[in-house]
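Reader: I have a new structure open and I would like to learn how its labels are earned. Could you walk me through some of them?

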Amino acid sequence: MKNSQTYIQANKDRFLNELIDLLKMPSISADAKYADAVHSTAASVASHLTDLGLDQVEVCQTAGYPIVYGEKIIDATLPTVLVYGHYDVQPADPIELWTNPAFEPVVKSTEIHPEGAIFARGACDDKGQMFMHVKAVEAMLASNELPCNVKFMIEGEEEVGSENLGVFVKNNVEKLKADVILVSDTGMLANDVPSITTGLRGLSYVEVEVTGPNRDLHSGLYGGCVANPINTLAKMIASLHDENNKITIPGFYDKVINLSDEERAEMAKAPFSNEKYCKALDINEVMGENGYSTMERGSIRPTLDVNGIWGGYTGEGAKTVIASKAYAKISMRLVPDQDPVEITELFKNHFEKIAPNSVKVTVKPHHGGEAAVTPIDSIGYKAAALAYEQTFGKKPIPVRSGGSIPIVAMFEKILGLKTILMGFGLDSDAIHSPNEHFGLFNYYKGIETIPYFYHHFTELSQNEL
Ligand code: BES
Ligand code: MN
Ligand code: MN
């Protein structure tokens, strides 16, 4: 991979400028106003794949946003790496909290990224990380060092639940045939503590509506006489955790796989400081399920969180009113073997049951997905670990993440393939938040590390034969 590395060093500035151009496109999949931008981003990704020399590059239409596909088959007897990523991004809201506009990328240095970081929506999640793969394969092809076959599948609906990707994968099992799936859409512990993600949580997401009286009421004339849906909703939500911060929904923990003491001890070896964690978030103390560490609470344990709550008067000044309705959006992060459909059902039944007779409740399910774990004794994991060791000079630590990429569990079910999660982002990169950024160190380190994965994966696969 020597020539690829030389090529990468020689083309660094262009690699950065190309990413900056991609980040200027507001490909927000959640908001239909940006549909044109989402489509042109797909076209731009496709032209990058064509330019680097992939064959069969296609912008595959779906019932939603297109999936960009491309491949380079150098020899059918060699292994195939299937790269997955997403070109859609989260909405930029609240936009007033961005120091620079979300779609006008700038490079600035920060305490954690002294060598500079690109600030823009999607810089880390996932345009920057997805594009590392495009550039790494470009480098290998340009230097005649691509050791195996490669397929790219880049979607535009990850941030809204990947519903059409599931259909696409089911319909294209032959086309997507591969030996391993490679994804950079997660993070690592720190720039000097490389890690590989070995687990993702699942997700069940619901929206609840609590209805009291049939219209908004004067809070003086009616206050104290009817159920206030906002008061009621707040009480119902509060009751979803007990005094030990355990979730009170009956059956919620039934299928949770508990880790052995050995596994927990292994996990506890990863460097982590509650003190630093609190400092970074400006909080006095952490809080969560009794009996578990912060790392465990954020990865191997399921959670329930309100993501949004509204109702009544929130404008300027005071309006004396009892609202007719109150709403909340609630996410539950799941662990193996919790089934998102089952959990959603348990939530719905419980929430309806705890509603007092004075209100009506509806629960609307949104997208969800299953958790995933990757073993650390697979060829894919070993190849990734060797690659990190080469570029970071240290063995990477296996770490389970709290985030979700529901398609990873589907890949396993439909294609029978494990996914290697080579994430290069940091928790402090503010994904989904204002001022999202991605370190230049991380971007270039990713591009440098990926070719070694191809090299080791091909070698280890051949040794197995
Ligand atoms: N890339 C993230 C998931 C992620 C980030 C996993 C960091 C691990 C570490 C992905 O784009 C994402 O945001 N997923 C959503 C779920 C999806 C169904 C909307 C999530 O985790 O909230
Ligand atoms: Mn992502
Ligand atoms: Mn995301």
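Author: Gladly, and let us begin with aspartate 31, which is partly exposed, with a relative accessible area of 24%. Keep in mind that this is a predicted model.

Reader: Why is aspartate 31 called partly exposed?

Author: Buried means under 20% and exposed means over 50%. Aspartate 31 has a relative accessible area of 24%, so it is partly exposed.

Reader: And lysine 33, is that residue buried or exposed?

Author: Lysine 33 has a relative accessibility of 69%. The cut-off for exposed is over 50%, so lysine 33 counts as exposed.

Reader: What makes aspartate 31 and lysine 33 a salt bridge?

Author: The closest N and O atoms of the two are 3.2 Å apart. A salt bridge needs the side-chain nitrogen within 4 Å of the carboxyl oxygen, so this pair qualifies. As background, side chains of opposite charge can pair when their charged atoms come close.

Reader: How many salt bridges does this rule give?

Author: The count comes to 19 salt bridges. One of them joins the side chains of lysine 175 and glutamate 58, at 2.7 Å from N to O. That pair links distant parts of the chain: lysine 175 sits in the loop between H5 and E7, glutamate 58 in strand E1, and they are 117 residues apart. Lysine 175 is partly exposed at 24%, and glutamate 58 is partly exposed at 32%.

Reader: How do you know that lysine 418 and glutamate 412 meet in a salt bridge?

Author: Their side chains come to 3.1 Å, N to O. The limit is 4 Å, so the label applies. Lysine 418 has a relative accessible area of 29% and glutamate 412 has 34%, so both values fall in the partly exposed range between 20% and 50%.

Reader: Which residues are linked in a network of salt bridges?

Author: Arg14, Glu18, Lys135 and Glu138 are. Lysine 135 is found in helix H4.

Reader: Why is lysine 135 called buried?

Author: Its relative accessible area is 2%. Buried means under 20%, so lysine 135 earns the word. Leaving aside neighbours within four places in sequence, lysine 135 is in contact with Arg14, Phe15, Glu18, His48, Tyr443 and Ile447.

Reader: What makes the meeting of lysine 135 and glutamate 18 a polar contact?

Author: Their side chains are joined at 2.6 Å, and the cut-off for a polar contact is 3.5 Å.

Reader: Let us turn to the metals. Which residues coordinate the manganese ion (ligand 3)?

Author: Asp125 (OD), Glu159 (OE, listed twice) and His432 (NE2) do so, at 2.1 to 2.5 Å. Those distances fit the donor limit of within 2.8 Å. Both aspartate 125 and glutamate 159 are buried.

Reader: Why is the arrangement around the manganese ion (ligand 3) called irregular?

Author: The 6 donor atoms subtend angles of 56 to 154 degrees. For six donors, octahedral requires opposite donors over 155 degrees apart and all others between 65 and 115, so these angles make the arrangement irregular.

Reader: What are the protein donors of the manganese ion (ligand 2)?

Author: They are His86 (NE2), Asp125 (OD) and Asp185 (OD, listed twice), lying 2.0 to 2.5 Å from the ion. In sequence these donor residues are spaced H-x38-D-x59-D. Histidine 86 lies in strand E3 and aspartate 185 in the loop between E7 and E8, so the pair ties together parts that are 99 residues apart in sequence. Histidine 86 is buried at 0%, and aspartate 185 is buried at 11%.

Reader: What makes the arrangement around the manganese ion (ligand 2) irregular?

Author: Its 6 donor atoms subtend angles of 56 to 166 degrees. The 56 falls outside the octahedral range of 65 to 115 for donors that are not opposite, so the arrangement is irregular.

Reader: Which residue bridges the manganese ion (ligand 2) and the manganese ion (ligand 3)?

Author: Aspartate 125 does, and the two ions lie 3.6 Å apart.

Reader: One last stop: how do you know that helix H11 is mostly covered?

Author: In H11, 10 of the 14 residues are buried, including Tyr381, Tyr388 and Phe392. The buried residues pack against strands E7, E8, E16 and E17 and helix H13.

Conventions
Residues numbered from 1 in each chain as written. Chains lettered and ligands numbered in written order. Predicted model: local features only at pLDDT ≥ 70, side-chain atom pairs only at ≥ 80, totals over all residues. Heavy atoms only, no water. Buried < 20%, exposed > 50% of the residue type's maximum accessible area, 1.4 Å probe, protein only. Helix = DSSP H or I, 4+ residues; strand = E, 2+ residues; numbered from the N terminus. Contact = heavy atoms within 4.5 Å. Donors = N, O, S within 2.8 Å, 3.2 Å for Na, K, Ca; no water. Tetrahedral: all angles 85-135°; square planar, octahedral: opposite > 155°, others 65-115°. Polar contact = N/O pair within 3.5 Å; in protein donor to acceptor, adjacent residues only side chain to side chain.
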